[in-house]
Structures are given as C-alpha cells and as structure tokens.
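Good morning, everyone, and thank you for making the time. I would like to walk through one model with you, going from a single strand outwards to the contact between chains, so please bring it up on your screens.

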There are 2 protein chains.
Amino acid sequence: MHYTQAHIGALDTRTRAHFINSLSGFKSANLIGTQDDQGHTNLAIVSSVFHLGANPPLVGMIIRPHSVARHTFENILKTGFYTINQVNQSIYSQAHQTSARYDRDESEFAATGLTAEYLSDFHAPFVKQSRLKYSVKFVEHQHLAVNGTELVIGEISDIYVDDNAVEDDGFIDLQALDTVAITGLDSYHITTKLARLPYAKNNTGYF
Amino acid sequence: MHYTQAHIGALDTRTRAHFINSLSGFKSANLIGTQDDQGHTNLAIVSSVFHLGANPPLVGMIIRPHSVARHTFENILKTGFYTINQVNQSIYSQAHQTSARYDRDESEFAATGLTAEYLSDFHAPFVKQSRLKYSVKFVEHQHLAVNGTELVIGEISDIYVDDNAVEDDGFIDLQALDTVAITGLDSYHITTKLARLPYAKNNTGYF
C-alpha cells in the first residue's frame, strides 16, 4: 500500500494520530513522577523518553505543554526534579489510565492505585511498583517551533533497579523486568529476545 | 540495587554506555537511507527515531555527528531528503552490521546485502526488505550543546506499508510486520501484544 501526503492530509484527526504514531516503531513506556511546590504529586505516562547520551548520562523526552502532561511540564520547570519509572506488565493498565485528564489537585497516584515512594530524599515521587526507575535533574528545554512541543532534557542521578537484572557488561535485561513497549497510541507489548549482537566491525561480513 | 551518580561516574566507558542506554526502555529500530550528490548510497541503523507530531506528520531522531552516522547527517544536510525503514526480524542482523565504520564510497547496502530501491522518484534509497517505510523531507536540525548531538526533524511524505497491516482506525500492526525493538546498544526483540487500551477518561477507574 502506498499512502501519499495528500492521502494522509485527508485522514480525520484521530485516524491520522493512530497512523502517524505507528510509524516510528516501538516506543518506550515510562511514568514521569513530579510534584508541585505545595506537595501535590503528579504522574504521567510518556512514550517519547529517549536516550540522549551516556557521559554525562542524559535523557530526553517530548512534552506537549497544552496536553494532559501540562502539570508535569510545569512541575519540572518549577522544581527542577522528576523521576522516570519504567512501566512493566503488572502496571501497564494503571499507567495508561494516568493519561486521563485530572485536575491539578487530583493525584494520578491515588486515581490509579499506584504507590508513591520517596527515595534518598529526592524531591519527586517514584512509582513503588516500577522495577527500574531513576531520579532526574532538569537541565534545559528547547521549544520546537515547528509544532509547539518541548524537548525536555535531564541528567540521570540515582538509579534503582531489581537485583539480578544488570549483567556484567552493564546491559540491563529489560525483558526480565517485564518492561513493556508501546506501539501507536494505545497498544502495549511484552518481548522475546532474538539476540544480542556483537559490536559491528567492517569486513566481518553480516551475521 | 541502588546506583548513585558517583557509582555511575566510576564505570568504564563501555559499561556505562550499555548501562545508561538501557534506562530509557525499548527503542525503535530503523534504517536511515540517504545518498550524496554523487549518488553514493548510505544506510545507517538508528535507535533514536521518535514520533514528534501527527499534524503535520513529523519525525525526530538524534544523530551524533562524529559517529558512524556522520555520512547520514551530511547527506541529509546536503540533499534535504532521507528515508526511514523499519527493521524487521528477517533483516535485523544485516541492519545491525550497518553500524560498522565504512568509508564514504562504500555503500552499506552492498556491504550488508540489503537492497536499495527507489520509489516515486524520491531522491533517497529505500530498503526493499523493509515492510514499513517512508520518505522524509528534512525540516531543521537543532544542535544540543549539552552533549554535541543533533536533533534532526523531518516531515513524512509518502508511506509504503504491507497490505493488511493497517487497521480501520489507522493503527498499524507492527507486530504483524515482524518489526523489532532494541534494548541497550545491541539487543533485538520481537513482541507479543498484551492489549490495546481504550482512550483514558477521568472517573472510569483503572482497568
């Protein structure tokens, strides 16, 4: 099937959203934990968290500042701190429910039954049920004028991960943690490993 | 297990790369097809392609301009065109091999056995073996001074996808296309669907 730009432009908004959201491939599933300066906690599922660099350890995400993630963005700008919590198979439906529109004084923790926990005196709440989570210090945001989104960049500080998931070379077995992947707007997946492949060198041929 | 910032800073470069690359969750697996103004083709696997917006249809990716993806970045800046080709189970090891360092006049297509094809007179080559692929017009890049990477933004134009993978509401079944997901630097996964969840509304409870 060949879809032209004209074809895509003629789709209704919701269909186009499902269609275009499928194109990038599998997405990460993470819950962003924040709180405001009055201590109101907030939790939002974000499918656009991506690796930005290992040294310094940086993580990026795209936020639509007028979407249901608006409180998350405001809390990050105000406090400078947030947590990223990987979503696993046991909590994916509760995680998805955080994408509903709640008022500022309603906590998505209470609304979904996920448990807030505070670790090492970090200002923002973690998700107790997440098996790989870390504290992040806000570094900067870049406004993407092309569509009004914000690229939010943070530095990773403390990492909490289930025992036995970290392999000797530093690789973390996300499959063993039952971490889920997202496709499109609403489809959740667990995985089966094909292989870890060796560092690719020239003249080794393909394998 | 609790890893502090000091702990992370003390890891050797390779171990830290594996470790930090695992934190964001599952990553997309895409091959970026380009050619230079002399017609030399280039193909590079990129795990940082992400959805940026559906209207207009925009896609972003992070490129390290001095890495093996340097030719990709140069070709995009010079010609303004590239293709994005989802990696599936049949070609993941060849796709991984494109991350080896080849000279400018060596084509990763020839080196890995993947087939270049040209569709609808678009300037950049597609990967024939990919089952979901699209042409992209370069829009802009933003230099991320925090670590010297580049955010490359493009607009999606023509989409080519296997018959029967597109559902009535626009959702594309990536699992049916055998699209793979990446964890860390080198681990490839296929998926099993848990569920598609309904659009989340307040007061519906969790489900």
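Let me begin with a question: how many of the residues of strand 3 of chain A, residues 30–35, are buried? Before I answer, please keep in mind that this is a predicted model, and that everything I quote is computed from it. The count is 6 of the 6 residues, so strand 3 of chain A is largely enclosed by the rest of the structure. If you look at the two faces of that strand, Asn30(A), Ile32(A) and Thr34(A) point one way, while Leu31(A), Gly33(A) and Gln35(A) point the other way, and all of them are buried.

Now to the partners of this strand. Strand 3 of chain A is joined to strand 4 of chain A, residues 41–46, by 6 bridges, and the two run antiparallel; within that pairing, Thr34(A) has Asn42(A) as its bridge partner. These two strands form a hairpin with 5 residues between them, and in the turn Gly39(A) has a positive phi of about 85 degrees. Strand 3 of chain A also pairs with strand 7 of chain A, residues 81–86, again in the antiparallel sense, over 4 bridges, and here the bridge partner of Ile32(A) is Ile84(A).

A helix of chain A can be described in a similar way. In helix 2 of chain A, which covers residues 13–21, 7 of the 9 residues are buried, so this helix too is largely enclosed by the rest of the structure. The buried residues are Thr15(A), Arg16(A), Ala17(A), His18(A), Phe19(A), Ile20(A) and Asn21(A).

Let me turn to the contact between the chains. Chain A contributes 102 residues to it, and chain B contributes 102 residues as well. Between them the two chains bury about 9,100 Å², with 59% of that on carbon and sulfur atoms. Of the area that chain A buries against chain B, 9% is supplied by Leu23(A), Phe26(A) and Leu194(A), which is more than any other three residues supply.

As for polar interactions, there are 53 residue pairs in polar contact between chain A and chain B, counting pairs with both residues at pLDDT 80 or more, and there are 2 salt bridges. In a salt bridge between the chains, the side chains of Arg196(B) and Asp186(A) meet at 2.8 Å, N to O. Sorted by class, the side of chain A that touches chain B has 46 nonpolar, 41 polar and 15 charged residues.

Strand pairing also crosses from one chain to the other: strand 11 of chain A, residues 149–161, is joined by 2 bridges to strand 1 of chain B, and they run antiparallel. There, Tyr160(A) has His2(B) as its bridge partner. Thr4(B) lies in the loop between strand 1 and helix 1 of chain B and, leaving aside its neighbours within four places in sequence, is in contact with Ser157(A) and Asp158(A). At 31% relative accessibility, Thr4(B) counts as partly exposed.

To finish, is Gln142(B), in strand 10 of chain B, buried or exposed? Its relative accessibility is 15%, and because the cut-off for buried is under 20%, Gln142(B) counts as buried. Its side chain makes a polar contact of 3.3 Å with that of Glu140(B), and, beyond its sequence neighbours within four places, Gln142(B) is in contact with residues of both chains, including Gln142(A), His143(A) and Thr149(B).

Conventions. Residues numbered from 1 in each chain as written. Chains lettered and ligands numbered in written order. Predicted model: local features only at pLDDT ≥ 70, side-chain atom pairs only at ≥ 80, totals over all residues. Heavy atoms only, no water. Buried < 20%, exposed > 50% of the residue type's maximum accessible area, 1.4 Å probe, protein only. Contact = heavy atoms within 4.5 Å. Polar contact = N/O pair within 3.5 Å; in protein donor to acceptor, adjacent residues only side chain to side chain. Buried area = accessible area lost by both parts, 1.4 Å probe. Salt bridge = Lys/Arg side-chain N within 4 Å of Asp/Glu carboxyl O. Nonpolar A, V, L, I, M, F, W, Y, C, P; charged D, E, K, R; others polar. Pairing = 2+ DSSP bridges.
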